[in-house]
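Dear colleague,

Please find below the structure I agreed to pass on to you. My notes on what was found in it follow.

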Amino acid sequence: MSTDTLTREKPAATLAAAMAEIGRKARAAASELALASPEAKVTALKAAAKAVRTRQNEILAANAEDVAAATASGIGAALIDRLALDPKRLEGVAKGLEDIAALPDPVGRVLAEWTRPNGLAISRVAVPLGVVGIIYESRPNVTADAGALCLKSGNAVILRGGSESARSSAAIYACLQEGLSAAGLPATCIQLVPITDRAAVGHMLADMADNIDVIVPRGGKSLISRVQKEARVPVIGHLEGVCHVYVDRGAHLEMAKRIVVNAKMRRTGVCGSAESLLVDQACAQTHLSSLVTTLLEAGCEVRGDEITAGVDARVKPATEQDWYAEYLDAIIAVRVVDGVAGAIAHIAQYGSQHTECIVTEDLAAAEKFLNEVDSAIVLHNASTQFADGAEFGMGAEIGISTDKFHARGPVGVEQLTSYKYVVRGSGQIRD
């Protein structure tokens with residue numbers, strides 16, 4: 001049945017029935033997948049990686065159609081960058097599948113164990129979450145990353161990608177299905193919702209609590225807001241990436257310039273892209289002008305406070321909203337602050353608790369920043385663009401969680417498990 005038929009004939013009833021069936025299949029698959037051998041999961045992931053390479057032309061052709069349609073609709077350059085695939089990025093998708101396959105199996109890990117005075121032997125053992133629902137927008141690589149991470153962690157997954165990447169996601173999904181088939185695992189371990197109607201998202205959030213254990217949203221502010229408002233199951237949240245680089249008085253200028261330009265300009269549309277640059281007033285006279293000039297020459301628009309605007313006529317005056325902004329574009333807000341304490345205070349007020357960096361050779365200042373900044377990822381002398389599960393050795397990630405419960409930072413296979421207590425006795429009873 002086509003998506004058009006689903007949305008034209010008895011839309012509400014047909015859509016509800018289709019989503020309910022997807023949920024039931026996922027729950028059944030989760031029970032089987034939780035007991036699957038590590039070898040079966042590895043076989044599935046390696047076969048999927050091989051399929052991605054074999055089907056490269058097919059995937060790229062589907063992606064070209066998505067990009068053309070998105071461009072015609074007027075979608076911005078940053079979102080087009082997120083959507084677009086090329087042979088190098090597609091090889092990264094295949095390599096990510098293999099990297100996830102090579103990770104230790106997270107299911108069944110003994111996290112802790114101890115024996116009570118009465119002889120009870122207690123252990124805390126990692127188990128899958130169950131069924132994970134993932135709602136994402138324009139990145140087709142999430143189809144592979146999320147499907148693979150859930151498979152490796154023993155979770156069935158329901159993937160609902162954005163309509164703008166539907167063709168690309170379907171082509172990548174076919175590779176995951178090929179992998180499952182090669183391993184003899186149920187095809188329903190990984191399901192891609194074939195319905196572009198946004199009402200499908202509503203069903204995942206509000207009507208499938210019996211068959212979805214956790215929702216992971218990955219997208220813009222409006223999607224995250226909707227998920228947090230409507231979800232009736234736990235959510236692993238990924239809020240805005242209002243990321244900061246703070247250049248301290250103890251920073252080497254050349255290192256600071258390299259880090260700042262990479263953090264902002266390597267890929268402006270990723271969540272780890274730096275959106276604000278903070279410069280210590282103690283080195284503003286020696287560092288600020290050079291940092292601003294370097295950014296401008298790299299093609300970045302600079303919006304600055306009064307001091308920053310005074311160093312170059314090309315700097316646009318920053319407004320209060322600029323300090324909160326996630327541009328996802330070649331724009332950065334620059335402010336002079338009163339040392340490391342001023343940087344920490346600015347980040348606490350305006351940041352989204354995602355990723356922050358300090359550039360300095362002063363180890364005391366670095367430790368203060370790393371200890372006191374309350375974000376999921378804090379870095380010393382390294383680009384914020386390292387905020388990525390693959391760069392952390394996780395193979396890939398579903399997203400960067402800015403939550404404080406369960407998972408925080410890159411969400412990989414370990415973060416997609418919970419645990420249970422296993423207690424072994426020898427006839428003990430409680431008085």
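In which helix is the place of Ala102? Ala102 belongs to helix H6, which covers residues 87–102. Before going further, please bear in mind that this is a predicted model. Ala102 is exposed, because its relative accessibility of 65% is over the 50% cut-off. From Ala102 to Arg124 there are 22 residues in sequence, and their C-alpha atoms are 24 Å apart in space.

The chain as a whole

The chain contains 15 helices and 16 strands. A compact globule of 431 residues would be expected to have a radius of gyration near 22 Å, and the 24 Å found for the chain agrees with that. The C-alpha trace spans about 70 × 65 × 40 Å along its principal axes. Of the 431 residues, 52% count as buried. Among contacts with a separation of 6 or more, 73% involve residues 24 or more positions apart.

As regards the surface, the chain exposes about 18,700 Å², of which carbon and sulfur atoms supply 51%. There are 43 positive and 51 negative side chains, and the centres of these two sets lie 5 Å apart.

Two helices

Helix H3 runs over residues 38–54. Its 17 residues should span 24 Å at 1.5 Å a residue, and the end C-alpha atoms are indeed 24 Å apart. The buried residues of H3 include several alanines, among them Ala40, Ala44 and Ala47, and also Lys41, Leu45 and Val52.

Helix H14 covers residues 339–350. For its 12 residues the expected span is 16 Å, and the distance of 17 Å between its end C-alpha atoms agrees with this. The buried residues of H14 are Gly339, Val340, Gly342, Ala343, Ile344, His346, Ile347 and Tyr350. What do these buried residues pack against? Their partners are strands S7 (243–247), S8 (274–280), S11 (331–337) and S12 (355–359), together with helix H15 (363–372).

Ser352 and Thr402

Ser352 is found in the loop between H14 and S12. Its relative accessibility is 13%, so Ser352 counts as buried. Leaving aside residues up to four places away in sequence, Ser352 touches Glu240, Gly241, Val242 and Thr402. Ser352 and Glu367 are 15 residues apart in sequence, with 21 Å between their C-alpha atoms.

Thr402, one of the residues touched by Ser352, lies in the loop between strand S14 (400–401) and strand S15 (409–410). Is Thr402 buried or exposed? Thr402 is buried, because its relative accessible area is 6% and the cut-off is under 20%. With residues up to four places away in sequence not counted, Thr402 touches Gly237, His238 and Leu239, as well as Ser352, Gln353 and His354.

Cys189

Cys189 sits in the loop between helix H8 (166–183) and strand S5 (190–192). With a relative accessibility of 0%, Cys189 counts as buried. Apart from residues up to four places away in sequence, Cys189 touches Ala29, Leu33, Asn155, Ala156, Val157 and Leu180. Cys189 and Tyr421 are 232 residues apart along the chain, and their C-alpha atoms are separated by 26 Å.

Two residues with positive phi

Most residues other than glycine have a negative phi. Leu328 is not a glycine, yet has a positive phi of about 50°. Leu328 is located in the loop between strand S10 (316–317) and S11, and it counts as buried at 17% relative accessibility.

Asn381 also has a positive phi, near 55°, and is likewise a residue other than glycine. Where does Asn381 lie? Asn381 is in the loop between strand S13 (377–380) and S14. Its relative accessibility of 23% means that Asn381 counts as partly exposed.

With kind regards

Methods. Residues are numbered from 1 along each chain as its sequence is written. This is a predicted model: local features need pLDDT of at least 70, side-chain atom pairs count only at pLDDT 80 or more; totals for chains, interfaces and linings use all residues. Side-chain values use heavy atoms; hydrogens and water are left out. Helices (H or I, at least four residues) and strands (E, at least two) are DSSP runs, numbered from the N terminus. The radius of gyration is taken over C-alpha atoms; the globule rule is 2.2 Å times the number of residues to the power 0.38. Buried means under 20% relative accessible area, exposed over 50%, partly exposed in between (1.4 Å probe, protein chains only). Contact means heavy atoms within 4.5 Å. Accessible areas come from the Shrake-Rupley method with a 1.4 Å probe; for residues, only the protein chains shown count as cover. Lys and Arg count as positive and Asp and Glu as negative; His and the chain ends are not counted. The place of a charge is taken as NZ of Lys, CZ of Arg, CG of Asp or CD of Glu. The expected span of a helix is 1.5 Å times one less than its number of residues.
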